[in-house]
Every structure is written in C-alpha cells, then in structure tokens.
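Q: Please take a close look at one part of this chain and describe how it is put together and what surrounds it.

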Amino acid sequence: MRVGLALLLVVTGCAAPVTPMAQRAPAGRPSPQPPPAPPMMVDPDILARQLTGNQPGWPISPFPRAPLPRLLDCVKLKCVALTFDDGPMDATAEVLDTLAAHQAKATFFVVGQMVSDQTSGLLRRMVEEGHELGNHSWDHPNLTGISADSLRMQLESTQQVVQRYTGVKMTVMRPPYGATDQRVAAATKREGLAQILWGLDTLDWRDRNADLVARRAAMAEPGDVVLMHDIHRTTIDAVPKLLDALDGKGFTYVTVSELFGEMDPGREYFDKKAKPAPKE
Ligand code: NI
C-alpha cells in the first residue's frame, strides 16, 4: 500500500498544470532545455480500479453496504465486545467465518499498512457482515513517543485508506500497546475518534496456546471489551472454542459502538460493566 500511496502522489503531481520551463526563462538568455517528461508510472484509471477492488473492464463496484443498525439493550442483555487487532491478514477470513457461524459481531482495529488490494476484500466483508472497523494507527508505533505531525499522519492515513476501500469513516481507535496520554487524546479528538482500550486482555500475543486464550476470553463478564489479535494462528484457532463457551453462558456479541453507544472523541473507554452500587 505504501507503493500505492506513493504512486498516487506521483499521479497527483503529474496532474498538476506545469508551466513549461521555456516560458519562465528570463528574456535575453538562452532557454534551458525543458527536462524530459517523467515516465507515466501508473494510469490513474487503473489505480482507481485497484483502489476499489475492481478489475479492468469491470464497472466500479459500490462501497460495501452495512446491515441496518441493531437495537440492543446491553443493560438487559449479556453483551460482550470481542476485538481483534493488528490485521487484516488472509487468515482473518477464518475469524469472519467463525463469527458468522455464531452470528457474532466484533470490532477489528486495523493497521493502515496492512490494508491493500489483497486484504481490502476482508474489510468490505467486515462491513457487509455488521462488524465495526477501528483505527489502530498506520504502522503500530507507540503514539506517546512520536512527533505531533507523525501522530496526525498515523491516524489520518489509516482513516484515508480504510475510507478509500470501504467508504467507512471510522469513529473508534485503539492506541498501539494501549499507550496513550493527553497529546494522543487531543489528536484522536481532532480526528473524531474515541479511544477504546479493554477490560479483559487474553494475552494471546504472549501465550500462543489456543486453549489458554479461549479459556481466558470465556472469563468475560457482561460489558467486557476483550482484547485479541487476528494475526496469531493460535488466536484464530481459539475463536471457535471461546464462542462455544460464551454461547453457553448466553452472551450477545456486539461491536464497541453497540456496547458504549454514542462516545466522546478523544475519551478512553475500557468496559461497560455494571458498577457496584455506592455504599449507603
Ligand atoms: Ni496492536
């Protein structure tokens, strides 16, 4: 995708009107030879088709259509928000298959540089099957340790690539490593993104054991946000097991926006568990 974006910039540059060098040369001096025109590296029409996942000659397909919003009352239902970070990868398709078999909705916090012609079909499928897309930065830095410009680029470029492929303007983000501070809060607020952390960490990135990951996820309580990563084979293998376990406890699987409802950009959200009543 980096190459694609670079090419896009080249195309944009080529499209700008250029005053021929000869016209700008001061009178009386020999006109310098105009530089040779740069080779056309990419046909804008072909690029446009690539970015919309179409083949040459095919009509441009419309953006994927999300199902109608669900009316869910997570005060009465046992809701849990499963979240998958760091993809999409080809194997993410297996997670989508398993979720579909359980009629489960989830949230995918995608890394911008993972979004390409090859993986964009997965994003489109997520949208069509009622899952939520979230921004997980362009290349997964610790956002608290980079410049203000880099921070903005990390968020904006990911917003742009997802929007270009799906039409979706994401409203939630997860800071890589859960690392956030006031600057990150301000930057996410500017981008219209709520910060979604988690209530239950399956530690699937550390413990590459599907049974262990499934057991931890199955400990979710109503209102939990569960952290997982769809880039690990063991996590993908854990998903059928954890869904079986949570099905048995009567959980409803919701997106983070379904769990929290309307959210404030910039603010941090961890879970929506019922808080114990204050002591009299
Ligand atoms: Ni991550």
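The request below narrows this to one part, and a connected answer follows.

Q: How do strand β2 and strand β3 pair, and through which helix does the chain cross from β2 to β3? Which residues coordinate the nickel ion?

A: This is a predicted model, and the chain averages a pLDDT of 86, with 78% of the residues scoring at least 70. Caution is due at residues 1–28, where pLDDT stays under 50. The secondary structure of the chain comes to 10 helices and nine strands, and the part in question involves two of these strands, β2 at residues 107–110 and β3 at residues 132–135.

The two strands pair in the parallel sense over four bridges, and within this pairing T107 stands opposite E132 of β3. Between them the chain passes through helix α5, residues 120–128, in a β-α-β crossover that is right-handed.

In a regular strand, side chains alternate between the two faces of the sheet. In β3, E132 and G134 lie on one side while L133 and N135 lie on the other, and these four residues are all buried, which leaves both faces of the strand covered.

The crossover helix has buried residues of its own, namely S120, L122, L123, R124, M126 and V127. An α-helix has 3.6 residues a turn, so residues three or four places apart point the same way. The buried residues of α5 pack against both strands that the helix connects, β2 and β3, and also against the helices α4 and α6. Just after α5, G130 takes a positive phi of about 85 degrees.

From here the description turns to the metal site. The nickel ion is coordinated by D86 through OD and by H136 and H140, each through NE2, at 2.0 to 2.1 Å. Along the sequence these donor residues follow the spacing D-x49-H-x3-H. D86 sits in the loop between β1 (79–85) and α4 (92–101), whereas H140 sits in the loop between β3 and α6 (148–166), so this pair of donors ties together parts that are 54 residues apart in sequence. With a relative accessibility of 14%, D86 counts as buried.

For the setting of this part in the whole chain, buried residues make up 44% of the 280 residues. Among contacts between residues at least 6 apart in sequence, 77% join residues at least 24 apart.

Terms used
Residues numbered from 1 in each chain as written. Predicted model: local features only at pLDDT ≥ 70, side-chain atom pairs only at ≥ 80, totals over all residues. Heavy atoms only, no water. pLDDT = per-residue confidence, 0-100. Contact = heavy atoms within 4.5 Å. Buried < 20%, exposed > 50% of the residue type's maximum accessible area, 1.4 Å probe, protein only. Pairing = 2+ DSSP bridges. Right-handed = clockwise from strand over helix to strand, strands pointing away. Donors = N, O, S within 2.8 Å, 3.2 Å for Na, K, Ca; no water.
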